[in-house]
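Hi,

Here is the structure I promised to pass on to you. Please have a look at it first, and then read my notes below.

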Amino acid sequence: LPPLRQRRQDIPLLANHFLSLYARRLGRPTRYLAPEALDRLMDYPWPGNIRELRNVLEQASLMSDELQLSEHSFAAALARDFAAGFGRGHLPVSSSQ
């Protein structure tokens, strides 16, 4: 199976799957992604592959009280990964928002 960065079209499906999974596990309503949040996920290089996507969405599900997850819901996690050198050669997540 190719890495997630080569299968960006799978990100919306995987994100919805993980958000539904965490909603069931946490006994909460299913969160959904705001359009700009999905854009941010689609633009990220995902060096940690699906595992990283899963972890980012799990953290956002745990930390957010909102049903709609904005890009701010997971921007810190993506910025940490970028700062750690995982995103070399790619644009960093904006910290100005």
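Before anything else, a word on confidence: pLDDT is the predictor's confidence in each residue, on a scale from 0 to 100. You will want that in mind, as this is a predicted model. Over residues 87-97 the pLDDT stays under 50, and for that stretch the model has 17 contacts beyond four places in sequence. Please read those contacts with that value beside them. For the protein as a whole, the mean pLDDT is 85, and 82% of the residues reach 70 or more. Among the elements, H1 has the highest mean, at 97, and H4 the lowest, at 73.

Now to the overall layout. The protein has 4 helices and 2 strands, which follow one another along the sequence in the pattern α-β-α-α-β-α. It has 97 residues, and 36% of them count as buried. About 5,900 Å² is exposed, with carbon and sulfur atoms supplying 52% of that area. If you take the contacts with a separation of 6 or more, 71% of them are between residues 24 or more positions apart.

Next, the core. The largest nonpolar core has 22 residues, and those touching the most other members are Leu33, Leu41, Trp46, Leu53, Leu57 and Phe74. H1 (11-26), H2, H3 and H4 each supply at least two residues of this core, and H1 gives the most, with 7. Leu53 is a good place to start looking: beyond its neighbours within four places in sequence, Leu53 is in contact with Leu4, Leu14, Ala15, Phe18, Leu41 and Trp46.

Helix H2 (residues 35-43) deserves a turn in the viewer. Which of its residues are buried? They are Ala37, Arg40 and Leu41. These three lie on the same side of H2, because they cover an arc of only 100° around the axis. Pro35 and Asp43, on the other side of H2, are exposed. Leu41 is also one of the core residues that touch the most other members.

Arg40 leads to another contact. Its side chain and that of Glu71 are joined by a polar contact of 2.7 Å. Where is Glu71? Glu71 sits in the loop between strand S2 (68-69) and helix H4 (75-83). With a relative accessible area of 10%, Glu71 falls under the 20% cut-off and so counts as buried. Arg40 is among the buried residues of H2, so both partners in this contact are buried.

Finally, two backbone angles that I would like you to look at. Most residues other than glycine have a negative phi. Trp46, however, has a positive phi, near 50°, and Asn49 has one near 60°. Trp46 is in the loop between H2 and helix H3 (49-63), while Asn49 is found in H3. Are these two residues buried or exposed? Trp46 counts as buried because its relative accessibility is 0%. Asn49, at 28%, counts as partly exposed, because that value lies between the cut-offs of 20% and 50%. Trp46 is also in contact with Leu53, and belongs to the set of core residues touching the most other members.

I hope this gives you a good start, and I look forward to hearing what you think.

Best wishes

Conventions:
Residues numbered from 1 in each chain as written. Predicted model: local features only at pLDDT ≥ 70, side-chain atom pairs only at ≥ 80, totals over all residues. Heavy atoms only, no water. Buried < 20%, exposed > 50% of the residue type's maximum accessible area, 1.4 Å probe, protein only. Polar contact = N/O pair within 3.5 Å; in protein donor to acceptor, adjacent residues only side chain to side chain. Contact = heavy atoms within 4.5 Å. Areas by Shrake-Rupley, 256 points an atom, 1.4 Å probe, with all protein chains shown as cover. Arc of directions from axis to C-beta. Core = buried A, V, L, I, M, F, W, Y, C linked by side-chain atoms within 4.5 Å.
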